Amino acid sequence: MRKCKLLVTEPTLDERFNELRRSVEGEIARAQRNLIEQFTQALSRMRAAANEPEWNAAVVESGQAFSGNPEAIEFLAKLAALTAPRGLTVLAGRDLSAQRFARVKVAEMQLYQCPAVKAGRRSRDLYGSLQPEIDAARDAFRKRFLTPGHESGDYLHAELVRELANEDATLLGPGYPGPMA
């Protein structure tokens with residue numbers, strides 16, 4: 001009696017590569033769907049905020065979900081600036097650009113430097129805790145919006161007081177240089 005051996009064929013290298021490619025593409029698609037869902041939830045939370053404290057909490061909470069992903073945090077900061085509760089003050093042209101720039105810079109500080117913001121508030125010295133970030137934002141704002149003949153209001157200072165210092169300028173600390181304009 002003869003024994004028959006079943007031949008099991010190994011997948012070719014091309015077949016294994018195609019299977020791996022399909023698997024990686026599936027993982028990428030899942031990650032993209034997950035990221036879009038997280039951004040949608042963050043945007044919904046920010047839009048649903050009834051007041052500034054709720055909005056601030058939504059921004060911070062959303063930022064924590066994206067920790068470790070600088071590009072996502074940057075995009076979230078832009079979403080936050082667009083959804084921030086505001087009065088009905090209508091600004092035009094350069095002033096509107098300056099205000100948006102200030103909102104984005106302060107939102108980035110709140111998202112990227114959340115522990116430093118909290119420590120600065122506790123110690124009543126936000127400038128001491130965030131000096132490199134605040135100085136960089138001030139320099140960029142000055143170069144972009146406070147040029148001779150085309151000066152805007154100091155929206156950055158106003159935003160620092162309003163958002164970071166919760167309307168209490170003394171929280172900026174003794175070393176804070178004050179308004180630029």
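Begin by selecting P115 and R122 in this predicted model: both are exposed, and they sit on the face of α5 that is turned away from the buried side of that helix. Now add C114, A116, V117 and G120, which are the buried residues to look for in α5. Viewed down the axis of α5, the buried residues fall within an arc of 160°, so they line one face of the helix. Just past this helix, select R124, which follows α5 and has a positive phi, near 60°.

From V117, step across to Q110, a residue of helix α4. Is Q110 buried or exposed? Its relative accessibility is 7%, under the 20% cut-off, and Q110 therefore counts as buried. With neighbours up to four places away in sequence left aside, the contacts of Q110 are N56, V117, R121, E163 and L164.

L164 leads on to the largest nonpolar core, which has 25 residues; L126, F141, L156, L160 and L164 are the members that touch the most others. To see where this core comes from, colour α4 (93-112), α5 (114-123), α6 (126-145) and α7 (155-164), each of which supplies at least two of its residues. Which helix gives the most to this core? That is α6, with seven residues. Centre the view next on L156, which touches A102, K105, V106, A137, R138, F141 and M180 when residues up to four places away in sequence are not counted. A second core, separate from this one, has 17 residues, and A72, A84, A107 and L111 are among them.

Turn now to the aromatic rings, for which a search of the whole structure finds four pairs. Select Y127 and Y176, whose rings form an edge-to-face pair with 5.8 Å from centre to centre and 70° between the planes. Because Y127 lies in helix α6 and Y176 in the segment after α7, this pair ties together parts that are 49 residues apart in sequence. Y127 and Y176 are both buried.

The tour ends at F141 and F145, where the ring centres are 5.1 Å apart and the planes lie at 40°, so this pair is tilted. These two residues are four apart in helix α6, which means that about one helical turn separates F141 from F145. Both F141 and F145 are buried. Finally, add F101 to the selection, since ring pairs link F101, F141 and F145 into a cluster.

Terms used: Residues are numbered from 1 along each chain as its sequence is written. This is a predicted model: local features need pLDDT of at least 70, side-chain atom pairs count only at pLDDT 80 or more; totals for chains, interfaces and linings use all residues. Side-chain values use heavy atoms; hydrogens and water are left out. A nonpolar core is a set of buried Ala, Val, Leu, Ile, Met, Phe, Trp, Tyr and Cys residues joined through side-chain atoms within 4.5 Å. Buried means under 20% relative accessible area, exposed over 50%, partly exposed in between (1.4 Å probe, protein chains only). Contact means heavy atoms within 4.5 Å. The arc is that of the directions from the helix axis to the C-beta atoms. Rings of Phe, Tyr and Trp (its six-membered ring) pair if their centres lie within 6.5 Å; planes under 30 degrees apart count as stacked, over 60 as edge-to-face and the rest as tilted.
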